[in-house]
Amino acid sequence: TPPPPATAMRALLALLGLLPVALALVPPRPPSMASSSAARAPAPRATGPETSSLPEIEVIRNPPQEELEARGVFSWGTWGCEVSKFPWTYDEREACYILRGSVTVTPTDGRPAVTVGQGDYVVFPAGMSCVWDVHEAIHKHFMFG
């Protein structure tokens, strides 16, 4: 089947090198007339106290050594900090294994806070903003992604 007339016209203008000129002459359509897939996309998730659809912080207390080795935890990077309190945002998922210390991590969007410490395997979901309240100096293995 032949392309729609608008597609054929765009192709012809592009071939003649006139597409940028033609696009500059056409006023933008109001959003209500847009035919893009974005207009048909579902509405974004509402923000507020409803957090049941947001992934929570996962904690595995004292996982078996074999499981940690299978995940490669002991080859991950390490990070630590002293007693402190600071905001943090996870741009991507982070898995970590706490070697020593303790911290309470409180998400700013209403998800439940967790307190983790030595021997805990923790997964922080991507996109989560939180406050770290380090009670005892923390040292951990970590892996992003």
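## Thr104 and its partner

In this predicted model, the side chains of Thr104 and Thr115 are joined by a polar contact of 2.7 Å. Thr104 has its place in strand β4. With a relative accessibility of 16%, Thr104 counts as buried, because the cut-off for that label is under 20%.

Setting aside residues up to four places away in sequence, Thr104 touches Ala113, Val114, Thr115, Val131, Trp132, Asp133 and His135. One of these, Trp132, leads us into the nonpolar core.

## The nonpolar cores

The largest nonpolar core has 17 residues, and the members that touch the most others are Val105, Phe124 and Trp132. Two or more residues come from each of β4 (94-107), β5 (114-117), β6 (120-124) and β7 (129-144). Another core lies apart from this one; it has 7 residues, including Trp76, Ala95, Tyr97 and Tyr121.

Which residues does Trp132 contact, leaving aside its neighbours within four places in sequence? The list runs Trp79, Ser84, Lys85, Phe86, Trp88, Tyr90, Val103, Thr104, Val105, Phe124, Ile138 and Lys140. Two names there, Val105 and Phe124, also stand with Trp132 among the core members that touch the most others.

## Strand β6, enclosed

Is β6 enclosed or open? Of its 5 residues, 5 are buried, so this strand is largely enclosed by the rest of the structure. In a regular strand, side chains alternate between the two faces of the sheet. Here, Asp120, Val122 and Phe124 point one way from β6, while Tyr121 and Val123 point the other way, and all are buried.

Strand β6 has pairing partners to look for on screen. Strand β1 (residues 58-61) pairs with β6 in the antiparallel sense over 4 bridges, and Arg61 stands opposite Asp120. Strands β4 and β6 also run antiparallel, joined by 4 bridges. In that pairing, Tyr97 stands opposite Tyr121 in β6; both tyrosines belong to the core of 7 residues.

## Arg111 and Glu56

Arg111 is found in the loop between β4 and β5. Is Arg111 buried or exposed? At 7% relative accessibility, Arg111 counts as buried. Its side chain reaches the backbone oxygen of Pro55 at 2.5 Å, and a polar contact of 2.7 Å links the side chains of Arg111 and Asp109.

Glu56 sits in the loop between α3 (37-40) and β1. At 49% relative accessibility, Glu56 counts as partly exposed. Although Glu56 and Arg111 are 55 residues apart in sequence, their C-alpha atoms are 6.6 Å apart in space. Not counting neighbours within four places in sequence, Glu56 is in contact with Arg111, Pro112, Val123 and Pro125. Val123 is a buried residue of β6, the strand described above.

## Cysteines

How many disulfides does the structure hold? The count is 0. Cys81 is buried, with a relative accessible area of 16%, and Cys96 also counts as buried, at 1% relative accessibility.

## How far to trust the model

The protein chain has a mean pLDDT of 79, and 64% of its residues reach 70 or more. Over residues 21-48 the pLDDT is below 50, and this stretch has 8 contacts in the model beyond near neighbours in sequence. Where pLDDT is low, the predicted coordinates should not be read in detail.

Methods. Residues are numbered from 1 along each chain as its sequence is written. This is a predicted model: local features need pLDDT of at least 70, side-chain atom pairs count only at pLDDT 80 or more; totals for chains, interfaces and linings use all residues. Side-chain values use heavy atoms; hydrogens and water are left out. A nonpolar core is a set of buried Ala, Val, Leu, Ile, Met, Phe, Trp, Tyr and Cys residues joined through side-chain atoms within 4.5 Å. Buried means under 20% relative accessible area, exposed over 50%, partly exposed in between (1.4 Å probe, protein chains only). Contact means heavy atoms within 4.5 Å. A disulfide is a pair of cysteine sulfur atoms within 2.5 Å. Two strands pair if DSSP finds at least two bridges between them. A polar contact is a pair of N or O atoms within 3.5 Å; within protein, one must be able to donate a hydrogen and the other to accept it, and residues adjacent in sequence count only if both atoms are side-chain atoms. pLDDT is the predictor's confidence in each residue, from 0 to 100.
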